[in-house]
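Visitor: Got a minute? I'd like to go through this one with you.
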Amino acid sequence: MSDDLHQTGSLVVDTNSTQDSLSQVTSKYFETYYGSPAEFLVRAPGRVNIIGEHTDYNGGFVFPAAINYYTYVAVSKRHDSIVNVVARDWSGEVDHIDLTKPMHFDEARMWPNYIRGVVEQLQKRNYPLQGCDLVVSGNVPQGAGLSSSAALEVGIAKALTHASGITLTPLELAQIGQDAENQFVNCACGIMDQLISTSGVEGHAVMIDCRNFETQSVPLPPSYEIIIINSSVQRGLVDSEYNQRRAQCETAAAHYGVDLLRQVSVEQLHVQRGDLDDVSFKRAKHVVEENARVLEMVECLRSSEHDKLFQLMHDSHESMRSLFEITVPAIDFLVELVAKTLDGEGGVRMTGGGFGGCVVALVPVNKVAQVKAAVEANYFNETGLKEVIYTARASAGVVVLSTGFSADGVG
Ligand code: GLA
């Protein structure tokens, strides 16, 4: 979940490249580095969560969309057991992985750990992996809570399995990414980021039931744009705060005598509160009510009752602020500013794990310019931070592309 892939060094994320140019740049880089063209490319998306925060690891509902910001992996097979990885965005740093040796955590650089963790998970499942030469590059903003790490895990899992002639389901690929993060990177993230990166649907957000992993795609209304605003707040201590929230939810679930907070109803939450401490109660209340909001959101979109979006997203944000306590003042300011401009239309809330990162807004097309102008005019003055605004499209999940760039689909 910590999408801060590196502690030191210089990161260059190519957010300006169009997708086509980034896939070409990655292929070209591959050819220059290895001396022959890549056999295929993998493209794995980042995500934005429309609503349903910190519900996934409680077995609840989430409603993310994959976005048109991607990690690309250019791939050629080798005839030995070595995986070479070049990270174009990290000044061309290289990792050499020997598939016959156990994986070790890299203490100095974070990015190789996402790859080693995925290799370890594939091997734990006894998939016979082929050596490969890889180049990785992407334009998912890093450290912004848009799941650049999940896109990397999914992209690598897809690249290695496709090269080795192994076909996995979107859920299996996602679980490999999640387990890599839980067991190798040591962040207790849920399944949402990896599963939407494998299961995204163009033009749709996807409701995921994180208890049985069923997905339902719901079209997003074309009269709204997805605007993502990066607060540029440095996300410190994210993993430790995240793991602590997860532990608090487990404490609350144990109090209610269930495995997952998903199993607690709103009524039960209050009636059986007993001696549950304040903090655990607040965490549980957020999760139980947020699950209900996801279902309501899906219903509103399906029945085109768009006037309810504003309140649902507002309530979700307020709950993250006061009950789950994962927002920061700059983010609260941004949400309030955008909400004021939206004036009851569309909706806005913080998205992702929290403690900085991004705000997501569903903005009526005719208000996009106004929202951008309001943020540009006020955010820096208030916070001293410079926002970055992205217009995102709901996109497909991971795909294999030929180096001629036509999608072969997930196979
Ligand atoms: C991070 C995690 C997800 C999810 C969100 C919060 O993105 O990786 O699993 O828990 O935070 O909704």
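Guide: Sure, here is a short chat about the cavities and the ligand.

Guide: One note before we start: this is a predicted model.

Visitor: Fine. How many cavities of 30 Å³ or more does the structure hold?

Guide: Three.

Visitor: And how much space lies in the second largest cavity?

Guide: About 110 Å³. The lining has 13 residues. Closest to the centre of that cavity are Arg 47, Asp 56, Met 192, Asp 193 and Tyr 242.

Visitor: How does the lining of the second largest cavity divide into nonpolar, polar and charged?

Guide: Five residues are nonpolar, four are polar and four are charged.

Visitor: Which domains does the lining draw from?

Guide: Domain 1 (19–220 + 394–409) and domain 2 (224–392) each give at least three residues to the lining of the second largest cavity.

Visitor: Switching to the ligand. Which cavity is the space taken by the ligand?

Guide: The second largest cavity.

Visitor: OK, what surrounds the ligand?

Guide: There are 12 residues around the ligand. Glu 53, His 54, Asp 56, Asp 193 and Tyr 242 are the closest.

Visitor: How does that shell divide?

Guide: The shell around the ligand has five nonpolar, three polar and four charged residues.

Visitor: Now polar distances. How far is Arg 47 from an oxygen atom of the ligand?

Guide: An N or O atom in the side chain of Arg 47 is 2.9 Å from a ligand oxygen.

Visitor: And Asp 193 and Tyr 242, what are their distances?

Guide: For Asp 193, a polar side-chain atom lies 2.6 Å from an oxygen atom of the ligand. For Tyr 242, an N or O atom of the side chain is 2.6 Å from a ligand oxygen.

Visitor: Last one. How much of the ligand does the protein bury?

Guide: The ligand taken alone exposes 310 Å², and the protein buries 99% of that.

Key. Residues are numbered from 1 along each chain as its sequence is written. This is a predicted model: local features need pLDDT of at least 70, side-chain atom pairs count only at pLDDT 80 or more; totals for chains, interfaces and linings use all residues. Side-chain values use heavy atoms; hydrogens and water are left out. On a 1 Å grid over the protein atoms alone, a cavity is a set of points where a 1.4 Å probe fits but cannot get out, and a pocket is an open set with protein on both sides within 12 Å along at least five of seven lines; lining residues have an atom within 4 Å of a point. Grid points are joined across faces, edges and corners, and a volume is the space filled by probe spheres set on the points. Ala, Val, Leu, Ile, Met, Phe, Trp, Tyr, Cys and Pro count as nonpolar, Asp, Glu, Lys and Arg as charged, and the others, Gly among them, as polar. Domain bounds come from an automatic or database domain assignment. A residue is near a molecule or strand if one of its heavy atoms lies within 4 Å of it. A polar contact is a pair of N or O atoms within 3.5 Å; within protein, one must be able to donate a hydrogen and the other to accept it, and residues adjacent in sequence count only if both atoms are side-chain atoms. Accessible areas come from the Shrake-Rupley method with a 1.4 Å probe; for residues, only the protein chains shown count as cover. A molecule sits in a cavity or pocket if more than half of its atoms lie within 2 Å of its grid points.
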